[in-house]
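I opened a fresh page for this one and went through the fold piece by piece. Here are my notes, in the order I looked things up.

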Amino acid sequence: SIPEEDFQRVLNFVRDLARRLDVDSGNARIGVVTFSDEPYLIFNLNEYDNTADITREIQGIDYMHGSTNMAGAWQYVHEVMFAPENGARPGVEHLALIITDGESNDPDAAIDEARKARDAGIEILTLGIGSWILRYELEGMASHPKTRNMFDVPSYQALFQVTDLIMMAMCDVVDDCVSNPCHNGGECKDG
């Protein structure tokens, strides 16, 4: 349902988030999965260890047509993406951000699969875009507290209005700000 022009805005937004994480020193790892009818692996957590390669791969993601199978995406993320052989490190916070502009094929199944991911220790942030989102679904997928981990914007053009808020939420997940995977000088931001 995402127009190709808006899909490019999402890619730019994700690239901006990736640039803000401290990948080059090894404090953060990034993996990307897209989804429509089925989840599609772009790259695993252990595939790239520098920001330049990650942002190049994100920029090259192809636009896909199809339905909105969020349940399948969550199952894939939980069972495959965050597997140790694909780069998930023990003793490190695991975080996933899902971006959508509408409700999934089966909201209850998506919420259930997101719960399984949370039960496995994956902190989930949700970002809804536009007026077709199903707030119930975004809330059901997001980790607690919802006020910190659920975001929505009215349009694709407004995506960058929540960049700092999402970065703060990501950084808040990390208990020890000194080893924070964020580019902020090793200190937590207030707010």
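**Entry 1: the sheet.** I began with the strands, keeping in mind that this is a predicted model. I found an open sheet of three strands, ordered β3-β4-β5, with parallel pairing. Which strands sit at the edges? They are β3 and β5, since each of them pairs on one side only. I also looked up the twist: ignoring direction, neighbouring strands of this sheet are turned against each other by 15° on average.

**Entry 2: β3 against β4.** Next I checked how β3, residues 94-100, meets β4. The two strands run parallel and share seven bridges. I noted two positions along this pairing: H94 has I122 in β4 as its bridge partner, and L97 stands opposite L125 in β4. Then I traced how the chain gets from one strand to the other. It leaves β3, passes through helix α4 (residues 107-119) and arrives at β4, and this β-α-β crossover is right-handed.

**Entry 3: β4 against β5.** On to the other neighbour. How many bridges join β4 to β5? I counted four, and the two strands run parallel here as well, with β5 covering residues 150-153. One position I wrote down is T126, which stands opposite M150 in β5.

**Entry 4: is β4 buried or exposed?** I looked at each residue of β4, which spans 122-129. Eight of the eight are buried, so the strand is largely enclosed by the rest of the structure. A reminder to myself: side chains in a regular strand alternate between the two faces of the sheet. In β4, I122, I124, T126 and G128 point one way, while E123, L125, L127 and I129 point the other way. Both sets are buried, and I made a note that E123 is among them.

**Entry 5: two helices.** I returned to α4 and looked at its packing with α3, which is residues 70-81. Two numbers describe such a pair, the angle between the axes and the distance between them. For α3 and α4 the angle is about 15° and the axes are 7 Å apart. That angle is under the 35 degrees cut-off, so α3 counts as roughly parallel to α4. I recorded the crossing of α3 and α4 as left-handed.

**Entry 6: aromatic rings.** My search of the whole structure turned up three aromatic pairs, and I wrote up two of them, including F13 with F160. The rings of F13 and F160 are edge-to-face, 5.7 Å centre to centre with 75° between the planes. The pair ties distant parts of the chain together: F13 belongs to helix α1 (residues 4-20), F160 to the loop between β5 and α7 (163-173), and their positions lie 147 residues apart in numbering. Accessibility gave me F13 at 0%, so it counts as buried, whereas F160 at 44% counts as partly exposed.

The other pair I wrote up is F43 with Y48, again edge-to-face, at 5.2 Å between centres and 80° between planes. F43 has 0% relative accessibility and therefore counts as buried. Y48 has a relative accessible area of 16%, so it is buried too.

**Entry 7: one peptide bond.** Last, I went through the backbone. Most peptide bonds are trans. Which geometry does the bond from H144 to P145 have? I found it cis, with omega near -5°. P145 lies in the loop between α5 (135-141) and α6 (146-149).

Technical notes
Residues numbered from 1 in each chain as written. Predicted model: local features only at pLDDT ≥ 70, side-chain atom pairs only at ≥ 80, totals over all residues. Heavy atoms only, no water. Buried < 20%, exposed > 50% of the residue type's maximum accessible area, 1.4 Å probe, protein only. Pairing = 2+ DSSP bridges. Right-handed = clockwise from strand over helix to strand, strands pointing away. Phe/Tyr/Trp six-rings, centres within 6.5 Å; stacked < 30°, edge-to-face > 60°. Axes fitted to C-alpha atoms, helices over the stretch in contact; angles between N-to-C directions. Parallel < 35°, antiparallel > 145°, perpendicular 65-115°, else oblique. Left-handed = near helix turned anticlockwise from the far one by under 90°.
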